[in-house]
Amino acid sequence: MTNVKPTIAIIGGTGNEGAGLALRWANAGYPIIIGSRSAERATIRAKELNRSLHSEQDDAPIRGLENKAAAAASEIVVVTVPYAGHAAILDEIAPFVQAKIVVDATVPLKPPKVAVVTVPPAGSASQEAQAILGPGASVVTAFQNISAENLQDLDRQMDTDVLVCGDDKEAKQRVIELIKDLGMRGLDVGPLANAIVVEGLTSLLIAINRRYKAHTAGIRITGIPETTSDQH
């Protein structure tokens, strides 16, 4: 029996992190939909990414759609948008993500002080996402601490861990499996309430990059077996 991989929509997929995730998942055999407020912009970006994969034929793995259509046509939705537009985009796609996993990679950064941790009223952007989308969607926090530059370089081995939060254990495990297919290790770090820490680490990494003149600082958890992400 053929193991058909789920279609993943990346809302905000025209940005750097979304594009990197799209490239790596498409390279691993997943059908990908780039979501944008502009279907034309999404289609242009999808074509660029397909060229990076040397796949420009009609059955290329990445296509572009407007946000609502992308969410509706997918089985798993990943949100990689700036915090300023987070709530509005979630409101827009909410009817189309019910009974689906929504992976929220948003970080509540407030320019120009992006190296300073900002705590939203709800505690975290992911908790805000769950409140907006309602109990019908399973929100999982992931990918806040990953270098977009590294993601887009398919020749680079990813040496960082992905911290995963959520209140739905099955949804978290499925996201951890998706992370493994990106070449990284996903670690279950507890309920959605812990997203406040995961999101805050992004500002710390920005500060580290600035202080030490780096670009790709990440998180690596030591002291646990490398096979931990495979365990249920």
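## Proline 31, helix H8 and a set of salt bridges

Leaving aside residues up to four places away in sequence, proline 31 touches Lys5, Pro6, Thr7, Ile8 and Pro61. Keep in mind that this is a predicted model. Beyond proline 31, this briefing looks at helix H8, a nonpolar surface patch and the salt bridges.

**Around proline 31**

- Proline 31 sits in the loop that runs between helix H1 (16-27) and strand E2 (32-36).
- With a relative accessible area of 31%, proline 31 comes out as partly exposed, because that class covers the range between under 20% (buried) and over 50% (exposed).
- Take valine 116, 85 residues from proline 31 along the chain: the two C-alpha atoms are 36 Å apart.

**Helix H8**

- H8 spans residues 195-211, which makes 17 residues.
- From first C-alpha to last, H8 reaches 25 Å, close to the 24 Å you'd expect at 1.5 Å a residue.
- Quite a few H8 positions are tucked away: the buried ones are Ala195, Val198, Glu199, Gly200, Thr202, Ser203, Leu205, Ile206 and Asn209.
- When you scan that list, it helps to remember that an α-helix has 3.6 residues a turn, so residues three or four places apart point the same way.
- The cover over the buried H8 residues includes helix H5 (125-133), strand E6 (138-141) and strand E7 (161-166).
- Asparagine 209, one of the H8 residues, is buried at a relative accessible area of 15%.
- Asparagine 209 has contacts with Ala214, His215, Thr216 and Ala217, again not counting residues up to four places away in sequence.
- Just past the end of H8, lysine 213 adopts a positive phi of about 55 degrees.

**A nonpolar patch on the surface**

- Val117, Val119, Ile196, Val197 and Leu204 make up a nonpolar surface patch, and together they offer about 410 Å² of accessible area.
- Isoleucine 196, a member of that patch, belongs to H8 and is partly exposed, with a relative accessible area of 37%.

**Salt bridges**

- The model has four salt bridges in total; three of them are picked out below.
- Aspartate 161 pairs with arginine 185 in a salt bridge, the closest N and O atoms lying 2.8 Å apart.
- Aspartate 161 is in strand E7 and arginine 185 is in strand E8 (residues 185-188), so this bridge ties together parts 24 residues apart in sequence.
- Both ends of that bridge are buried: aspartate 161 has a relative accessible area of 1%, and arginine 185 has 5%.
- Aspartate 161 also forms a salt bridge with arginine 220, with 2.9 Å between the closest N and O atoms.
- That second pair links distant parts of the chain, 59 residues apart, with aspartate 161 in strand E7 and arginine 220 in the segment after H8.
- Arginine 220 is partly exposed, at 39% relative accessibility.
- Aspartate 188 bridges to lysine 172, and here the closest N and O atoms are 2.9 Å apart.
- Aspartate 188 lies in strand E8 and lysine 172 in helix H7 (residues 169-180), so the pair joins parts 16 residues apart in sequence.
- The two ends of this bridge fall in separate classes: aspartate 188 is partly exposed at 44% relative accessibility, whereas lysine 172 is buried at 6%.
- Through shared partners, salt bridges connect Asp161, Arg185 and Arg220 into one network.

Conventions:
Residues numbered from 1 in each chain as written. Predicted model: local features only at pLDDT ≥ 70, side-chain atom pairs only at ≥ 80, totals over all residues. Heavy atoms only, no water. Patch = residues over 30% accessible without salt bridge, like charges linked within 9 Å, V, L, I, M, F, W, Y side chains within 5 Å. Areas by Shrake-Rupley, 256 points an atom, 1.4 Å probe, with all protein chains shown as cover. Salt bridge = Lys/Arg side-chain N within 4 Å of Asp/Glu carboxyl O. Helix = DSSP H or I, 4+ residues; strand = E, 2+ residues; numbered from the N terminus. Buried < 20%, exposed > 50% of the residue type's maximum accessible area, 1.4 Å probe, protein only. Expected span 1.5 Å × (residues − 1). Contact = heavy atoms within 4.5 Å.
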